[in-house]
Amino acid sequence: KALILVDGRYGREVIELAQRMDLKFDTTFLFPTDLRESLVDYYGRTSGGDLKAGLKRLFEENPDWEVIVMAGHMFKYFDPDQQADVMKKIKAGRGLVVVQPDASDPLPAISPLQKEGAPFMGAWIRKQDHFITTGIPIEALPMTPAVMYGTTPGAEVLAVAKNETSETPLVAAATVGKGRVVAFGYRAGDTRPEKTFFGLTPFMADPVGGSDFAPPPTFKYWEYHFSLLARAVLWAAKKEPSLLIEKIEVSHHTVKIVFSRASAKRGSGDSQEDSALHRSAATPVIVEVQVHDKYGNPLGNETKKIELAAGKSEITIPVKTSLCNGVNLFDVWLRDPQGRVINWGSASFEMKRPVKIAQVDDGKKDPLRNGYKEGDAINLDIKLDGDINASPMLAQTSLPVQSKRTQAGTQVAGNKGDGV
């Protein structure tokens, strides 16, 4: 059971997270009142009393919350008694996931990240294996805006952002008393002269270069941002599944998945899926693997049923599709016989082919205005890069034309390093 708090402007991310995991949640509307603006019915007339009443209702109706998920400056809306109560309950065993933490109480006492400097653009780099980051294709994620943070004693840094001159923690976990806290150091909102607004996932703009736009999308990288956030919520709430994915190793022809299954007795917080795993010495699990290229196009889908006993085991599934040049993404789901997801994870594999198409040019200055009719000949200048030898090669093109498909093969020859 989670309480999720973000700036009202980014309230949609609450729903997006809840759509991706089995989550019982509640929230309330929080927004700076001095802007004299807001959303829908509250536009221009949100009052401090509205915010206080919303927080009061939230905690009165959800005294049994297990984890709080929040943008990093939400504690500034809490009164001192609410701040103290949250810190007391975290130390007693509850969880907190905080994105871009600021210095609002009680964060200086419990967050594993403490703010030190300005934002910069950095690449994701994995630092150590952990339930939160296992099954996240960190190496394939696009560069992200990150805030320079320091860590507190006892913090586990799971991933960092790094460029040529700077490095900062992106994901850090810590134990506070009996509770668990996860902090994310990426920049999660937009900063404007009048105010700052934050959500839960990276705000994909370049704070240094001044770009207001996300990098050109290829695959749906935001799904892996939400996957990372969901795993952090499970860990902070102490709701990790009994069937763990310890490692996903991929190559151009296989996917190897290493599992470990707990043999402990069922706990009161176990899900239906975990309950089924605990009841038998060996239980059927459905393993599904989906493969996509760097543009998100599906390349293949493999499904296999296995029997898993307690302890560690592994399975290798052949990849029956031809991978594309560049990054390929492998998404893995573990399901019970009823199709419910027990656990999930992803991995990436970069395919490096010796020859690739660098450019295709049909000579038309404006192809949108000067298209082709059925029966027209299409003359293409195809430039290749890579290890091109002098032996003839076959260039094959498949083009859909008004629901008909035509194919043409042409012999081309070239020297190493030349475009043909």
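**Which residue forms a salt bridge with Asp85, and how far apart are the closest N and O atoms?**

Before we solve this, a word on the model: it is predicted, local features need pLDDT of at least 70, side-chain atom pairs count only at pLDDT 80 or more, and totals for chains, interfaces and linings use all residues. Residues are numbered from 1 along each chain as its sequence is written, and side-chain values use heavy atoms, with hydrogens and water left out.

Step 1. Recall the term: a salt bridge is a side-chain nitrogen of Lys or Arg within 4 Å of a carboxyl oxygen of Asp or Glu.

Step 2. The partner of Asp85 is Lys89, with the closest N and O atoms 3.3 Å apart.

Step 3. Both residues belong to helix 3, four residues apart, or about one turn of the helix. An α-helix has 3.6 residues a turn, so residues three or four places apart point the same way.

**Exercise 2. Check the length of helix 3, then work out where its buried residues lie.**

Step 1. Helices here are DSSP runs (H or I, at least four residues), as are strands (E, at least two), and both are numbered from the N terminus.

Step 2. The expected span is 1.5 Å times one less than the number of residues. For the 13 residues of helix 3 (residues 80–92) this gives 18 Å, and the end C-alpha atoms are 18 Å apart, which agrees.

Step 3. Now list the buried residues (under 20% relative accessible area; exposed is over 50%, partly exposed in between; 1.4 Å probe, protein chains only). In helix 3 they are Gln82, Gln83, Val86 and Ile90. Seen down the helix axis, they fall within an arc of 100 degrees (taken from the directions from the axis to the C-beta atoms), so they line one face of the helix.

Step 4. Turn to the other side, where Pro80, Asp81, Lys88 and Ala92 are exposed.

Step 5. Finish with the ends of the helix. At the N-terminal end, Asp79 acts as a cap, with a side-chain oxygen 3.1 Å from the backbone nitrogen of Asp81. After the helix comes Gly93, whose phi is positive, near 135 degrees.

**Exercise 3. Describe the surroundings of strand 9 and find its link to Glu240.**

Step 1. Six of the six residues of strand 9 are buried, so this strand is largely enclosed by the rest of the structure. Gly179, Val181 and Ala183 cover one side, while Arg180, Val182 and Phe184 are on the other.

Step 2. Look for pairing, which requires that DSSP finds at least two bridges between two strands. Strand 4 runs parallel to strand 9, joined by five bridges, and strand 8 runs antiparallel to strand 9, joined by six.

Step 3. Find the residues that face each other: Gly95 stands opposite Arg180, and Ala174 stands opposite Val181.

Step 4. Follow Arg180 to its salt bridge with Glu240, where the closest N and O atoms are 2.9 Å apart. Glu240 lies in the loop between helix 5 (221–236) and strand 12 (243–250) and Arg180 in strand 9, so the pair ties together parts that are 60 residues apart in sequence.

Step 5. Compare the two partners: Arg180 counts as buried at 19% relative accessibility, whereas Glu240 is partly exposed at 26%.

Definitions and conventions: A polar contact is a pair of N or O atoms within 3.5 Å; within protein, one must be able to donate a hydrogen and the other to accept it, and residues adjacent in sequence count only if both atoms are side-chain atoms.
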